[in-house]
Amino acid sequence: MITLHDGGVFLKNGVPVQDCSLDKAEAKKNTIAYSILAGHNTSGNPDKLKIKFDAMVSHDITYVGIIQTARASGLTEFPLPYAMTNCHNSLCAVGGTINEDDHVFGLSAAKKFGGIYVPANQSVIHSYAREELTACGNMILGSDSHTRYGALGTMGVGEGGPELVKQLLKNTWDLDMPEVVLVYVTGTPKRGIGPHDIALSLVKATFASGFVKNRVLEFVGPGIKNLPIDFRNGVDVMTTETTCLSSIWETDEITEGFYKAHERGECYKKLAPKDGAYYDRFITLELDKAESMIALPFHPSNAYTIHEFVENATEILASVEKEAATKFKGVNYHLTNKVKDGKVYADQGVIAGCAGGLFDNIDEAAAILKDKSCGNGYFSLNVYPTSVPVSLELTKVGATSELLKAGAVIKPSFCGPCFGAGDVPANDGLSLRHTTRNFPNREGSKPSDGQLCGVALMDARSIAATAANGGIITAATDIDYEVPHNEYHFDKTVYRNRLYYGYGKADKDAELILGPNITDWPKMEALADNMLVKLAAVIRDPVTTTDELIPSGETSSYRSNPLRLSEFALSRRVPEYVGRSKAIHALDLERRDGKAPEELVKVLSNFGDASSLLKNTQYGSCVFANRPGDGSAREQAASCQKVLGGYANICYEYATKRYRSNCINWGILPFTLPEGADFPYSEGDYVFVPNVREGIMNGVETFAAKVLKADGTMDDITLQIKGLTPDEKTIILDGCLINYYAEQNK
């Protein structure tokens, strides 16, 4: 159903054409993506973008750090609409008072700086943005990787918190004009096919090869008119898992209907590529050929049709067990025992979040479960509507009562099941979820404590079919049911009664309320002349996620406390990392105090006069991973390393732009290896980079470094840092973004 086409394509008369006499450079300007990016570019250079956004969104894992950083850098008032939702740290019994302390801080910040505050359980971040912040042709920046509103004609970008800080301080998001990939949509999905089936197929087709990495996906074609708006939103939000930069869809009367239903008809306008638009690559997506899908642990790209999976379940599940054994030493994960008499049994179903908790998904799941039962065995079904307005409408049309009668549990708007803070299955459990991710620990298990379970992603329709079948994994296309056609009506009453709308109403005299867990960032040094790093973690996995760099789940309670949170860094992947980094950092603190630690003197003597090098050589920890940074936009994946004294990452490539940007904004040098280079080094080896400050200052992209191995032998190694912008160079030289702004404000 999905075909990837190398090479560019023109869109002529609504049809992809590879041979065309039009000038490609000019024809690139005819895409929707180009027009929106160009319209938000303040640089005057169409190739080097400096983007200012129309609105921003954050949730309660990220907004405290963003505001604290911006406040330390001179923030006085939010210069654009900034919504702070409370959908991640909503379980206020976890960690004592600290989650609710963050919420009180958020409301006080909204009052002081002029923000929008969405209390806990009212809406998940992306639902609120869709309902109240999107507009055709606009751009929204969010501190969450699934900031995607392309189906509503709004380009959404998920980045780490420091990029939001830049916008709050009236600076820009800087990048080269990205390539645009045409996703040409045809056909009509058959009954039982939902947005997750399409999305998982797209992720499977594109992720491993990086076909759309850091590019913009533009959805166009005759099949779009056959998709309801919730279906489009459900596919669009999952484009994050392809590693694309952003997304945009052509708009039509169905898009207009969404805006009118949400009392914002003026926010609609027709968006479509101009005739002859040129795309750098293209994908054909045939909706009529879609099948019900399942993505096995531990990545959304590990996807199969449900029929293929069930037919080969023992073999496929054995491969997951093998991967688990590799990732989690000493912990056994049993999945093949889910296969009984040719059927595969799951332990749990969850429909939740910005992907799963949409009105149409839950309404159709209720229709599938009408007059049926989830059973009284081990299988359970939990449903989280994405916002209170959605929950209200589901109640009005009777979907909620049908689900409750079937034995499902209806829960409040909460992102917990998406990141490991809700509905944790039993050990060895298999949870089926219509959520965004199934990375390790996203279900909340703790391998370090001998606990391991896993998530398989499925569409809400097939989850409901599975529930109706007693937990036996079942494709929704295999059952008979009547698809409901309930028109959605948005009721804003609860938002008017409960949300704080403060944009444009900043009160500089309002008190900022800081709980005892909310702390400032520790002081960070500027980049020294030379750098010495010791490898504290070497990870050989093909991809390392941000969830592995800083686990989600209950650790989220400490997001407002950099030192407490850093204790969790790599804890579920390399448990020794924190201790190693602290020991390295302790020696550097001694060096800063003018002392000469014996270990440091001994190591530096291999690279020159140790007494001289001690004065101008930073010493810190380093992480090597093949391809780090897939997944969440959370800045803490980098900031925790820096708090522990981390000064560099070394890799073959960064999985996402946002993780590389996070490293830069926290003063971590984002080294890469030359193509084809080997990195045969281990924890405990040292990497010395001479004249690194001068090199960064002068725009050097290739650094001659040396590796001192544990056995005392020395190797030469080449490291690269390519494509730094002038601002990024200065941020690295200053030591981090906070220092950068402090220097500007002197």
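A residue counts as buried when its relative accessible area is under 20%. In this predicted model, Thr284 comes out at 18%, so Thr284 falls on the buried side of that cut-off. Thr284 belongs to strand E15, which covers residues 281–286. What does the side chain of Thr284 join up with through a polar contact? The partner is the side chain of His5, at 3.2 Å. His5 also turns up in the list of residues that touch Thr284 once neighbours within four places in sequence are set aside. The rest of that list is made up of Met1, Ile2, Thr3 and Tyr184.

Next comes an open sheet. Six strands build it, lined up as E9-E8-E5-E6-E7-E25, and their pairing is mixed. Strand E9 (155–158) and strand E25 (500–501) sit at the edges with a single partner strand each, so one side of each has no neighbour in the sheet. Further in, strand E5 (residues 55–58) teams up with strand E8 (residues 139–142) in the parallel sense, through three bridges. Val57, for instance, has Gly142 of E8 as its bridge partner. A helix goes over part of this sheet: H3, residues 63–72, lies across E5, strand E6 (82–85) and strand E7 (116–118). Relative to E6, helix H3 runs at about 140°.

Strand E26 is another one to look at. This strand spans residues 530–539 and is mostly covered, with 10 of its 10 residues buried. Which strands does E26 pair with in the parallel and the antiparallel sense? The parallel partner is strand E28 (residues 617–625), and nine bridges link the two. Within that pairing, Met531 is matched with Gln618 of E28. The antiparallel partner is strand E32 (residues 686–689), and here there are four bridges. One of the matches with E32 puts Val533 opposite Val687 as bridge partners.

Finally, a pair of helices. Two packed helices are described by the angle between their axes and the distance between the axes. For helix H13 (residues 359–369) and helix H17 (residues 460–468), the axes come within 8 Å and cross at roughly 25°. Angles under 35 degrees count as roughly parallel, and H13 and H17 are therefore roughly parallel to each other. Their crossing is right-handed. On the H13 side, the residues that meet the other helix are Asp360, Asn361, Glu364, Ala365, Ile368 and Leu369. On the H17 side they are Ala460, Arg461, Ala464, Ala465, Ala467 and Ala468.

How values were computed
Residues numbered from 1 in each chain as written. Predicted model: local features only at pLDDT ≥ 70, side-chain atom pairs only at ≥ 80, totals over all residues. Heavy atoms only, no water. Pairing = 2+ DSSP bridges. Contact = heavy atoms within 4.5 Å. Axes fitted to C-alpha atoms, helices over the stretch in contact; angles between N-to-C directions. Buried < 20%, exposed > 50% of the residue type's maximum accessible area, 1.4 Å probe, protein only. Polar contact = N/O pair within 3.5 Å; in protein donor to acceptor, adjacent residues only side chain to side chain. Parallel < 35°, antiparallel > 145°, perpendicular 65-115°, else oblique. Left-handed = near helix turned anticlockwise from the far one by under 90°.
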